Amino acid sequence: MTLKAVHAEITAITDSDDDATTSSSTFSKTKKRGYDESYISFGFVDSNGSSLCMLCNKQLPNSSMAPAKLRRHLETVHPESKDKNKESFVRKKE
Ligand SMILES: [Zn+2]
């Protein structure tokens, strides 16, 4: 597990809104919110647990942090970059 993934998990666990009180015992990885390493394939990088678009530096709210929405942002705002592969984003990030 990478450091970023650990950070995202901690952010999800300490997230205090809505179901936080009842989910502590049934917390599962699939339910976590926050930045996920896989979002790099849509051009998004981690920014304090939120997703930050590398292409326009726009930060998406947690409520918009779903793979489908990230892909939609990429396809509608940056159609010229939607065919870039994950490796090209990772390279740009470093
Ligand atoms: Zn963007």
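**View A. Arg33, in a loop of this predicted model, counts as partly exposed.** The reason is a count of neighbours: Arg33 has 16 C-beta neighbours inside 10 Å, and buried status takes 20 or more, so Arg33 ends up as partly exposed. You'll find Arg33 in the loop between helix 2 (20–23) and strand 1. Now look for Asn62 as well. Arg33 and Asn62 are 29 residues apart in sequence, yet their C-alpha atoms are 7.4 Å apart in space.

**View B. Here's the whole protein chain, with its four helices and three strands.** Start at the N terminus and walk along: the elements come in the order α-α-β-β-β-α-α. The chain has 94 residues, and 18% of them count as buried. What about contacts between residues with a separation of 6 or more? Residues 24 or more positions apart account for 46% of those contacts.

**View C. The three strands make an open sheet with antiparallel pairing.** Their order in the sheet is simply 1-2-3. Which strands sit at the edges? Strand 1 (44–47) and strand 3 (59–60) are the edge strands, and each of them pairs on one side only.

**View D. Zoom in on strand 1 and strand 2, which pair in the antiparallel sense.** Strand 2 covers residues 50–53, and four bridges link it to strand 1. Two of the bridge partners are easy to pick out: Ser47 goes with Ser50, and Asp46 goes with Ser51. The two strands form a hairpin with two residues between them. Check Asn48 while you're there, as this residue takes a positive phi near 55°.

**View E. Strand 2 also forms a hairpin with strand 3.** These two strands run antiparallel and are joined by two bridges. For one bridge, find Leu52 in strand 2 and follow it across to its partner in strand 3, Gln59. How many residues lie between strand 2 and strand 3 in this hairpin? There are five, and Asn57 in the turn has a positive phi of about 60°.

**View F. Strand 2 has two faces, one covered and one uncovered.** In a regular strand, side chains alternate between the two faces of the sheet. Here, Ser51 and Cys53 are on the covered face, while Ser50 and Leu52 are on the uncovered one.

**View G. Helix 3 (residues 67–77) has buried residues, namely Leu70, His73 and Leu74.** Why do they sit on the same side of helix 3? They cover an arc of only 95° around the axis, and that puts them on one side together. Turn to the other side and you meet Ala68, Glu75 and Thr76, which are exposed. What do the buried residues of helix 3 pack against? They pack against strand 1 and strand 2.

**View H. Leu70 is a buried residue of helix 3.** Its C-beta atom has 21 others within 10 Å, and 20 or more is enough to be buried, so Leu70 qualifies. Leaving aside neighbours within four places in sequence, Leu70 is in contact with Tyr39, Phe42, Phe44 and Ser51. Take Phe44 from that list: Leu70 and Phe44 are 26 residues apart in sequence, but 7.7 Å apart in space from C-alpha to C-alpha.

**View I. The largest nonpolar core has nine residues.** Nonpolar side chains tend to be buried together in soluble globular proteins. The members here are Tyr35, Tyr39, Ile40, Phe42, Phe44, Cys53, Leu70, Leu74 and Phe89. Pick Leu74 for a closer look. Not counting residues up to four places away in sequence, Leu74 touches Phe42, Gly43, Ser81 and Lys82.

**View J. Val77, another residue of helix 3, is where we finish.** Is Val77 buried or partly exposed? It has 15 other C-beta atoms within 10 Å, so Val77 is partly exposed. Look for Leu55 too: Val77 and Leu55 are 22 residues apart in sequence, and their C-alpha atoms are 9.3 Å apart in space.

How values were computed:
Residues numbered from 1 in each chain as written. Predicted model: local features only at pLDDT ≥ 70, side-chain atom pairs only at ≥ 80, totals over all residues. Pairing = 2+ DSSP bridges. Core = buried A, V, L, I, M, F, W, Y, C linked by C-beta atoms within 7 Å. Buried ≥ 20, exposed ≤ 12 C-beta atoms within 10 Å, placed from the backbone. Contact = placed C-beta atoms within 7 Å. Arc of directions from axis to C-beta.
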